[in-house]
Every structure is written in C-alpha cells, then in structure tokens.
Amino acid sequence: MGAHGVKAVFFDLDNTLVDTAAAGRRAIEEVLPLASRPLQVIKALQSKHHYGEGEARLVCDKVQAKLLKECHDPAKMCITDLRISHWEEAIQETTGGEANRHLAAECYFLWKTTRLQNLTLSEDTRGMLTELRKGLRLLLLTNGDKQTQREKIKACGCQPYFDAIVVGGEQEEEKPAASIFYYCCNLLGVQPAECVMVGDSLDTDIQGGLNAGLKATVWLNKAMATPVDIFPVPHYIISSVLDLPAVLQKMEHKINSKLGTDHTVSSDE
C-alpha cells in the first residue's frame, strides 16, 4: 500500500488465524472414546474407577467448563499445574472420594498433545499471509501464558509468515492495554496510525486497537448474524480471516480517493 496507507497488520492467534476452540473440542472427543479402551492412556477411568462412557463424558464436560472460566496468574501457579488441577477437580467432582493427581496428569497431557496436533494454519491462510507480506509488515499478537502460546505457535508452524511475534504473557501488559500495541509498532518501525488489528475478541483485540489509536480494527465474527448493539464498535467486520485482503483494498481505495480530493482542492487554490 502507499506511503500514506497501511504499513502493518497485527493478527490475533486463537480463533482468528487458528481455530483453537475447535482443536480443544476435538481433543476432548479424542479423550472420551479412550475411556472404553483399556490399553489407552486414560484406561484408568475404567480400571481404577470403573467409569462408564457417561461418567467419562461428564468429567470432560466439567474440564471444558473450567477452561472457559479459567483465570491464570503465572505468579501464583504454572499453567500445567493449573490445568492438571482442572482434571483432578473434575474427576473428584464426578466420582467423589480422594483426589487422583496421577490420573488427572495423564488426562491433561493427552488432551494437550491432541489439541496441539489439531492446531493448523490452513493452506488458504498461509497463502493469504504470504501475499500480504509482499507489501505489508505482519505481526502476530496473542494474549496468554507464554509457554502455552509458544507451544501453539510452534505447533501450527506460523513463524515464517510474520516479521515479529509478541506474546502477552511475556510483556508487562496484555491486550487491550495500549502499551503492548505501542511495543509492536516499535518492533516494526511503524506508527499506530499505519497499523490494522485483526481479531475475534471485541474486548481485547478491537478495544486494544482503539485504545492504541490504530488506523483500523477488523473484527472476525464467524457467526451468521452480527449483533446490533456490539461494543466496542470495530471499523470493519468480516466473517472469515480470508476476507481481510478485500477490506485492505477498500481502505486503500478510500485513502487514494481522499488524496485525490485533497490534491484537487490544493490545485484549485
């Protein structure tokens, strides 16, 4: 794009570039059938506790609910211990009796491994990033625990498509704080008014981009219908990350039109 247009695009990772939620669900589904296979990792759900499939499913549902409500403070507990505790609590809540940390750890590591295996950067997304990078600087900006996010980044193989990668858990503040966006701008040598933020979260991606005064925010809303009263209000809404190039072209057209108008006015003067 031109000197007066967009120079950099910041992308969120989870549920924007990669479908983390779907990978987590697939990991749970991988865990569930193993409850009825004695030779698999979580055979203990049957052999030690005589679980049926219904009980195994209830344990997994409870873990999923705990993940959705998770609030992690790395200063108090590492993410691995926290998530093993999710499984431990879910097992105890389902069966009663004493906690079983060993079984919980087995379930957690199986879930984690399977989720990472299911995290992929699609060929279409890779192609889009490759094309965009020919004229723009690209940066991956993700919130979350540094170990967990770095593992995801490595698993989906997205490093080669970005000029820089910033993980919130490695910084003093995460999205939506303006400071992390300024840090990203400094890394790329650009100004906030030359950058676009793309993400699925109104609270972190869009609000953060607005807080930092970026040129535009692009909300990825995969739902069929867009809520009427969304807040904060993004500059653009797309239903697929692959729609981004069209948005950038629209922005460039607006910029060129404005420059043309300004030029005409100055000539008349």
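**Exercise 1. Aromatic pairs**

Find how many aromatic pairs a search of the whole predicted model turns up, and work out how the rings of tyrosine 108 and tryptophan 111 are arranged.

*Solution.*
- Step 1: Count first. Searching the whole structure gives three aromatic pairs.
- Step 2: Now look at tyrosine 108 and tryptophan 111, whose ring centres are 6.2 Å apart, with the planes at 35 degrees. Planes under 30 degrees apart would count as stacked and planes over 60 as edge-to-face, so this pair is tilted.
- Step 3: Place the pair in the chain. Tyrosine 108 and tryptophan 111 are three residues apart in helix 5 (residues 101–118), which means about one helical turn separates them.
- Step 4: Check the surroundings. Tyrosine 108 and tryptophan 111 are both buried.
- Step 5: Bring in the neighbour. Tyr108, Phe109 and Trp111 form a cluster linked by ring pairs.

**Exercise 2. Helix 4 against helix 5**

Describe how helix 4 and helix 5 pack, and say which residues make the contact.

*Solution.*
- Step 1: Know what to look for. Two packed helices are described by the angle between their axes and the distance between those axes.
- Step 2: Read off both values. Helix 4 (residues 79–95) packs on helix 5 at an angle of about 120 degrees, and the axes are 8 Å apart.
- Step 3: Name the arrangement. Roughly perpendicular covers 65 to 115 degrees and roughly antiparallel starts over 145, so helix 4 and helix 5 are oblique to each other.
- Step 4: Add the handedness: the crossing of helix 4 and helix 5 is right-handed.
- Step 5: List who touches whom. Helix 4 brings Thr80, Asp81, Arg83, Ile84, Ser85, Trp87, Glu88 and Ile91 to the contact, while helix 5 brings Arg101, Leu103, Ala104, Ala105, Cys107, Tyr108, Phe109, Trp111 and Arg115.
- Step 6: Sort them by class. The contact of helix 4 with helix 5 has ten nonpolar, two polar and five charged residues.

**Exercise 3. Helix 5 against helix 7**

Do the same job for helix 5 and helix 7.

*Solution.*
- Step 1: Get the geometry. Helix 5 and helix 7 (residues 146–156) pack at about 40 degrees, and their axes are 8 Å apart. That makes helix 5 oblique to helix 7.
- Step 2: Find the handedness. Helix 5 and helix 7 cross in a right-handed way.
- Step 3: Pick out the residues. From helix 5 come Lys112, Arg115 and Leu116, and they meet Gln147, Thr148, Glu151, Lys152 and Ala155 in helix 7.
- Step 4: Sort by class again: two nonpolar, two polar and four charged residues make up the contact of helix 5 with helix 7.

**Exercise 4. Backbone oddities**

Locate the cis peptide bonds at proline 176 and proline 232, and say what is notable about phi of asparagine 15.

*Solution.*
- Step 1: Start from the usual case. Most peptide bonds are trans, and most residues other than glycine have a negative phi.
- Step 2: Take proline 176. A cis bond joins it to lysine 175, with omega about 15 degrees. Proline 176 sits in the loop between strand 3 (164–167) and helix 8 (178–188).
- Step 3: Take proline 232. Its bond from phenylalanine 231 is cis, with omega near -5 degrees. Look for proline 232 in the loop between strand 5 (216–220) and strand 6 (236–238).
- Step 4: Turn to asparagine 15. Its phi is near 65 degrees, a positive value in a residue other than glycine. Asparagine 15 belongs to the loop between strand 1 (8–11) and helix 1 (20–31). With a relative accessible area of 21%, asparagine 15 is partly exposed.

**Exercise 5. Contacts across the chain**

Sum up the chain as a whole, then see what glutamate 252 and leucine 187 have around them.

*Solution.*
- Step 1: Take stock. The chain has ten helices and six strands, and 46% of its 269 residues count as buried.
- Step 2: Look at range. Of the contacts between residues at least 6 apart in sequence, 64% join residues at least 24 apart.
- Step 3: Try glutamate 252 in helix 10 (residues 244–268). Its C-alpha atom is 7.8 Å from that of valine 6, though the two are 246 residues apart along the chain. Glutamate 252 is partly exposed, at 28% relative accessibility.
- Step 4: Finish with leucine 187, in helix 8. Leaving out residues up to four places away in sequence, leucine 187 touches Arg137, Leu139, Ala164 and Val166. Its relative accessible area is 41%, so leucine 187 is partly exposed.

Note on methods. Residues numbered from 1 in each chain as written. Predicted model: local features only at pLDDT ≥ 70, side-chain atom pairs only at ≥ 80, totals over all residues. Heavy atoms only, no water. Phe/Tyr/Trp six-rings, centres within 6.5 Å; stacked < 30°, edge-to-face > 60°. Helix = DSSP H or I, 4+ residues; strand = E, 2+ residues; numbered from the N terminus. Buried < 20%, exposed > 50% of the residue type's maximum accessible area, 1.4 Å probe, protein only. Axes fitted to C-alpha atoms, helices over the stretch in contact; angles between N-to-C directions. Parallel < 35°, antiparallel > 145°, perpendicular 65-115°, else oblique. Left-handed = near helix turned anticlockwise from the far one by under 90°. Contact = heavy atoms within 4.5 Å. Nonpolar A, V, L, I, M, F, W, Y, C, P; charged D, E, K, R; others polar.
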